[in-house]
Structures are given as structure tokens and as C-alpha cells.
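Here's a quick tour of a protein model for anyone who likes to know what sits inside and what the backbone gets up to. Have a look at the structure first.

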Amino acid sequence: MDLSWNAAAGDTVVDRDDPDLALDTRELTSPTVIRNEIEIDEGRARAGVPQTTQVIVLQPVLETRARGGFTLWPVAESAPYGFLPLHGGLTPAEVGAAVMHIADGNSAAPESGTDPLGAFLHGLLTMDDLFASGGLRITDTVTGATLVPGCCNGLDERRDWWEVVDGDGWASFGHDPSPVAERHGDIVRLTVDAEDDGSPVLALPVAELRRLLAAAERDLADFLQLAAAWAPLHLSGYAVPAVLALGRALDLPAGAPPLNP
């Protein structure tokens, strides 16, 4: 299979040239890439003009914030108001950064006398309603158009994407920007910012979006597995409850992966 069109190790690649969509598929790590061969103009296609290749990348991402001077465990540098893709191929420092951002976003005042590590993790370990700021980022690598989750959107709200493909056919994902997804027959139109009249719009078949969403769930489960291996090395006696809390923050099925000793 030709990967010269900029797929990378760690991508899940689906070649639309294969009518069965299974005979030429490679399951790698992450993120997920769909190679979608589309005819921009049927007349040009009939005349033998080469088709345009559209590559859609969908990633579950965690919003990052600036936090200087963090020393409780090693963390990768994060840009404020940036996005960190979550999948099973992160480095230990990137896992540490993800855990830091999730814990920081669920902070709560600890009891006096709590050790520094327990104090930082207190909210994550004790709050009933946990939140992981972010969502799904979708990029057309040909045009560069990218839909990112808006302000106040959480990774738990990725469930609304299933309403687009299998439910009422519409969902929005935060504000500033205000991304919107709408189903029109067998096609889903993704408006990067519904508040901008000139906003870029991405489009892809419903069936392909459904496959991408399923792959995103695998990415998050793989990340949690990675965090379960990382936690005992850095969170000491807090490792088990912290991984359970991470699963709840990411709205993954109850129960953490087995922890490595």
C-alpha cells in the first residue's frame, strides 16, 4: 500500500480504492487517518482527469494550559490553549502532561497536612463530576481546514457525535469557535465556526465518520492503558484511584486497566 501521501507510523489507514475497505487496511497505533478518494467533478473524472485525494484525520484531544514550575513528575511542555492528542503512542512525559492537565482542571482544596502529591490530586480523586477539557479535532490534510472543539467543550461530549451519525443529525461543540456538525443524507458537513459566514466546511460520508469515531474510542482506551502503566512509577499510592478517576474524566467504561507493578 502506498503511504507516500503523508501517513505516518502510528496511523490507522483506510484505502478507499479497496471496495471492501478491509483488504488493504493496516491497523497501527494512532491517530486515525481515512484516505478518501473523491471525485470533485464527475465530468472531469470521466475525461480521465486525476481524482483529488482527501485525507481526514480525527483525534481525541485534551486542551492544554500553561503551568510553569510543575515538579511533581516529568511533563512535556504544553502551549496554553493548545491541544494534546490522546492515544497509545504518547511518551511518558506526554502522559505526565495529560494527567497534569486533567488533574489541574479538577482542582479542589485539600485537607491541611496533605502531602504535595495528594494535594494536587485531591480534586481528581474526590470530586464526583470530573471534566477533561477538549473533544475531537478533525483535519482535512489536503486543504488544511481543521475543526477544533470550542471553549467549555469536554471530551465526554464526544458522545454527541453519535447523535450526528445515528440520531437527530446535528450537534455543536462549544463556542469561540463554534463548531457544528450536520448530517445531510449520507454526508456529514462540519462547519469549523458557525459564527463566521466565511468558515471552512469539511465533508465526509457518514459511514467513514462512524469508523473514525470508533477508532477515537480505541485511542482513548489505549491512552488509559498507557496511563495505567505510567501511574505506579509517578503517583505512588495514588496510582489506582488516579487511573480510575482518569477513566471517569474521559467518560470511558468503568474499571481501570490492570496496573503494572
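What follows goes from the whole chain to its cores and then to some backbone details.

This is a predicted model, so a few ground rules apply: local features need pLDDT of at least 70, side-chain atom pairs count only at pLDDT 80 or more, and totals for chains, interfaces and linings use all residues. Numbering runs from 1 along each chain as its sequence is written, and side-chain values use heavy atoms, with hydrogens and water left out.

**The whole chain**

The protein chain has six helices and ten strands, counted as DSSP runs (H or I of at least four residues for helices, E of at least two for strands) and numbered from the N terminus. Of its 261 residues, 45% count as buried, where buried means under 20% relative accessible area, exposed over 50% and partly exposed in between, with a 1.4 Å probe and protein chains only. Contacts are heavy atoms within 4.5 Å; among those with a separation of 6 or more, 48% join residues 24 or more positions apart. The accessible surface is about 12,500 Å², and carbon and sulfur atoms own 51% of that. These areas come from the Shrake-Rupley method with a 1.4 Å probe; for residues, only the protein chains shown count as cover.

**The cores**

A nonpolar core here is a set of buried Ala, Val, Leu, Ile, Met, Phe, Trp, Tyr and Cys residues joined through side-chain atoms within 4.5 Å. The largest one has 35 residues, and Trp73, Leu86 and Leu235 touch the most other members. Helices H2 (92-104), H3 (116-126), H5 (206-234) and H6 (239-249) each chip in at least two residues, with H5 giving the largest share, seven. Apart from this core lies another, of 22 residues, including Leu58, Ala181, Leu209 and Leu213.

Leu86 deserves a closer look: leaving out residues up to four places away in sequence, Leu86 touches Pro60, Leu62, Ala98, Leu155, Asp219, Leu220, Phe223 and Leu250.

**Backbone oddities**

Two residues have a positive phi although neither is a glycine:

| Residue | Phi | Relative accessible area |
|---|---|---|
| Tyr81 | about 60° | 69% |
| Cys152 | about 75° | 54% |

Tyr81 sits in the loop between strand E3 (52-64) and strand E4 (82-85), while Cys152 is in the loop between strand E6 (146-147) and helix H4 (160-166). Tyr81 counts as exposed, and so does Cys152.

There's also a cis peptide bond, from Asp176 to Pro177, with omega near 5°. Pro177 is found in the loop between strand E7 (170-172) and strand E8 (180-184).
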